[in-house]
Amino acid sequence: MRFRIKLAFLFLILIQCLSTERALSQGNRFASGEKLTYAVYYYLMGVWVPAGEVSFSVRDTLYKGKDCFRFQGSGKTHKRYDWFYKVRDVYQAISDKDDLKPYLFKRNVNEGDFYFYEDCLFDHKHESIYSVSKVKQEPVVVDTSELMVNSFDVLTMIYYARNLDFSKYQIDQKIPIRMFIDGETFDLYIRYNGVENYDHDQLGEIECYTFSPLLVKGTLFKEGERMKVYVTKDSNQIPVYVDSEIRVGSIRAQLTDFEGLSKSFGE
């Protein structure tokens, strides 16, 4: 059975509720130097297989004289599975340090015999997104898309969402999210499920906010609210665990390592 451990999948499932409201006035829940690492497991023939790893990091950078963050996400399969389906993906984004307004987004996807490159420029003055992309041996595609209000690339969205206040939402409340990916803007939502404890393999019980995002039917996901995300109920609000059905089987991800948090874990 052929399957993909896609980095894009982890980006989507680790989104923590991008609202059309402003982020918390207290500032960012992360800082330059933070790095989060996750183990990815695939349910295959009755067994959870440790198939790959994904990491996210934050650095300071300058973009056109502005103080910005450079976000990076990278995903890979374990070497013992490379013969079956090798994955080496890298995503990057540059966003304003004050409001996380996205400026640049790049992704370099290498999965099996599939190769995809995309480079997006967010022009807020002209409300446009200019993109250059290439799939395998096909010609380069240059495109322009409308930049809608409160739209984020999938990587910046993860960090923007961590600044939101989950405590103000009611159980079963739908929270709107807006994401630009693959030349389209999607208006979706997540359903807030309340507070639960998650029993982490190394960290023990962790009090978490939980939610289920509305998924778009595609090559990996089934349509609907078939995913559950656990986010720490602390000053960092980092995802610690995700569990989801996919079109064939199930997949899950668990936080395995962290460094450079702006606050102590659990504070």
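This section describes selected strands, nonpolar cores and two buried serine and isoleucine sites in a predicted model.

Strand β10 covers residues 174-181. Its partner is strand β11, residues 184-200. The two strands pair in the antiparallel sense, and eight bridges link them. One of the paired positions is Met179, whose bridge partner in β11 is Phe186. The hairpin of β10 and β11 has two residues between the strands. Asp182 belongs to this hairpin and takes a positive phi near 55°.

Strand β11 also pairs with strand β12, which spans residues 204-213. This pairing is again antiparallel. It runs over 10 bridges. Ile190 stands opposite Pro213 of β12. A hairpin of three residues makes the connection from β11 to β12. Strand β11 thus has β10 as one partner and β12 as another.

Attention now turns to the nonpolar cores. The largest contains 40 residues. Phe71, Leu100, Phe105, Leu155, Tyr159 and Val240 have the most contacts inside this core. Helix α3, residues 154-161, gives the most to the core. The helix supplies six residues.

Val240 can be followed further through its contacts beyond four places in sequence. Its partners include Tyr198, Ile206, Cys208, Tyr230 and Thr232. Ala253, Gln254, Leu255 and Phe265 are also in contact with Val240. Another core lies apart from the largest one and has 13 residues. Among its members are Tyr169, Ile175, Ile177 and Ile190.

Ile177 ties this second core to strand β10, since the residue is listed in both the core and the strand. Is Ile177 buried or exposed? Ile177 counts as buried because its relative accessibility is 7%, and the cut-off for buried is under 20%. Asn150 is 27 residues away from Ile177 along the chain. The C-alpha atoms of these two residues are separated by 8.8 Å. Ile190, another member of the 13-residue core, is the residue that stands opposite Pro213.

A further site is Ser55, in strand β2. This strand covers residues 47-63. Ser55 has a relative accessibility of 12%, so the residue counts as buried. Which residues does Ser55 touch, not counting those up to four places away in sequence? They are Lys35, Leu36, Thr37, Gln72, Gly73 and Ser74.

Key
Residues numbered from 1 in each chain as written. Predicted model: local features only at pLDDT ≥ 70, side-chain atom pairs only at ≥ 80, totals over all residues. Heavy atoms only, no water. Helix = DSSP H or I, 4+ residues; strand = E, 2+ residues; numbered from the N terminus. Buried < 20%, exposed > 50% of the residue type's maximum accessible area, 1.4 Å probe, protein only. Pairing = 2+ DSSP bridges. Core = buried A, V, L, I, M, F, W, Y, C linked by side-chain atoms within 4.5 Å. Contact = heavy atoms within 4.5 Å.
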